[in-house]
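Me: Please take a close look at one part of this structure and place it in its surroundings. I am new to it, so give each cut-off when it comes up.

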Amino acid sequence: DTWREEHAITIHGPTSDYICPDPILSFKDTPFSTDIQTSLTKAGYTAPTPTQAQSWPIALTKQDMISVAKTGSGKTVGFLLPSFHHISKGKAGHHPRILVLAPTRELATQIEAEAKKFSRAKPYVRTTCVFGGAPKYNQIRQIEQGIDCLVACPGRLSDLITMKKVSLEAIEILVLDEADRMLDMGFEPQIRAIVENIPDQRQTLLFSATWPKAIQKLARAFLKNPVQVNMGNID
Ligand code: ADP
Ligand code: MG
């Protein structure tokens, strides 16, 4: 609790008797594979950021989670590594098992790049990225080759669903990154249509820099009994 106070982290559990797992303060205390740990060191990271320290142990329990934190706190690796850890336990398939929705091409590309820092490590995770303003052909070809993790902007992904070029039936983990920006950009109808194609039995992780009413409503619609982790002052 002192650690949480020092980092201005507050936890809201789904029930009043919720006990939050302790933060993971060092890479060697994670359950991640040795390969992943080596990749973290190779990326130049020496320790988990406070967001990662607190979100990893929660996400690893497969619970739904809301994280409200400012940008630059290392949220990407915060959601990618627990997700990679989970799918490493199942059988590799053809359809994606992780879906990350992000508002812009720039952000989606950054998430893909962060994922690729770990793509040579076991578990081997095939990641690709789809966004508007670029030809669909190459994106469809990547998907058809078989992928594990799909990073997508909502507009392009709903087009590909309508064209029946992607199946979300195997999704086990849904990540809504920068959810507040996606709503500001008017993507709510596309997000709702996309989520209708994802099994109810899944883990959902929602990230946002702010916590306005519209995001709270979205979280209520898509997350089940979430744990909420707030970092710093919430608007
Ligand atoms: P956010 O999504 O919270 O804005 P990012 O995931 O984009 O933050 O991370 C911000 C920067 O911090 C990126 O350049 C990323 O590579 C770097 N980063 C992530 N985790 C760590 C870490 N544990 N140690 C050092 N740098 C990190
Ligand atoms: Mg981010």
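Reply: Ala-134 sits in the loop between β4 and α6 (136-144); helices (H or I, at least four residues) and strands (E, at least two) are DSSP runs, numbered from the N terminus. The model is predicted, and local features need pLDDT of at least 70, side-chain atom pairs count only at pLDDT 80 or more, while totals for chains, interfaces and linings use all residues. Residues are numbered from 1 along each chain as its sequence is written, and chains are lettered from A and ligands numbered from 1 in the order in which they are written.

Ala-134 has 12 other C-beta atoms within 10 Å and is therefore exposed (buried means 20 or more other C-beta atoms within 10 Å of a residue's own, exposed 12 or fewer, partly exposed in between, with C-beta atoms placed from the backbone). Met-163 is 29 residues away from Ala-134 along the chain, and their C-alpha atoms are 16 Å apart.

The strand before this loop, β4, belongs to an open sheet of eight strands with mixed pairing, in the order β1-β8-β2-β7-β6-β3-β5-β4; two strands pair if DSSP finds at least two bridges between them. Both β4 (127-130) and β1 (9-12) are at the edges with a single partner strand each, so one side of each has no neighbour in the sheet. From one strand to the next, the twist averages 15°. Helix α7 (residues 154-162) packs on this sheet, where it touches β3 (98-101), β4 and β5 (149-152), and its direction makes about 100° with that of β4. Contact here means C-beta atoms, placed from the backbone, within 7 Å; axes are lines fitted to C-alpha atoms, for helices over the stretch in contact, and angles run from 0 to 180 degrees between N-to-C directions.

Moving along the sheet from that edge, β3 runs parallel to β6 (residues 173-176) and is joined to it by four bridges, with Val-100 partnered by Val-175. In a regular strand the side chains alternate between the two faces of the sheet. In β6, Ile-173 and Val-175 point one way, Leu-174 and Leu-176 the other way, and all are buried.

On to β7 (residues 203-208): four bridges join β6 to β7 in parallel. Leu-174 has Thr-204 as its bridge partner, and Leu-176 has Leu-206. Strand β7 has five buried residues out of six, so the rest of the structure largely encloses it. Strand β2 (residues 65-68) also pairs with β7, in the parallel sense over four bridges, and there Ile-66 stands opposite Leu-206.

At the other edge, β1 and β8 (residues 227-231) run antiparallel and are joined by four bridges. His-12 has Gln-228 in β8 as its bridge partner.

A ligand is also part of the model. Ligand 1 is surrounded by residues including Tyr-45, Gln-52, Thr-71, Lys-75 and Val-77; a residue is near a molecule if its C-beta atom, placed from the backbone, lies within 6 Å of it. Helix α4 (residues 75-87) gives the most to this shell, with three residues.

Methods:
Two residues are in contact if their C-beta atoms, placed from the backbone, lie within 7 Å.
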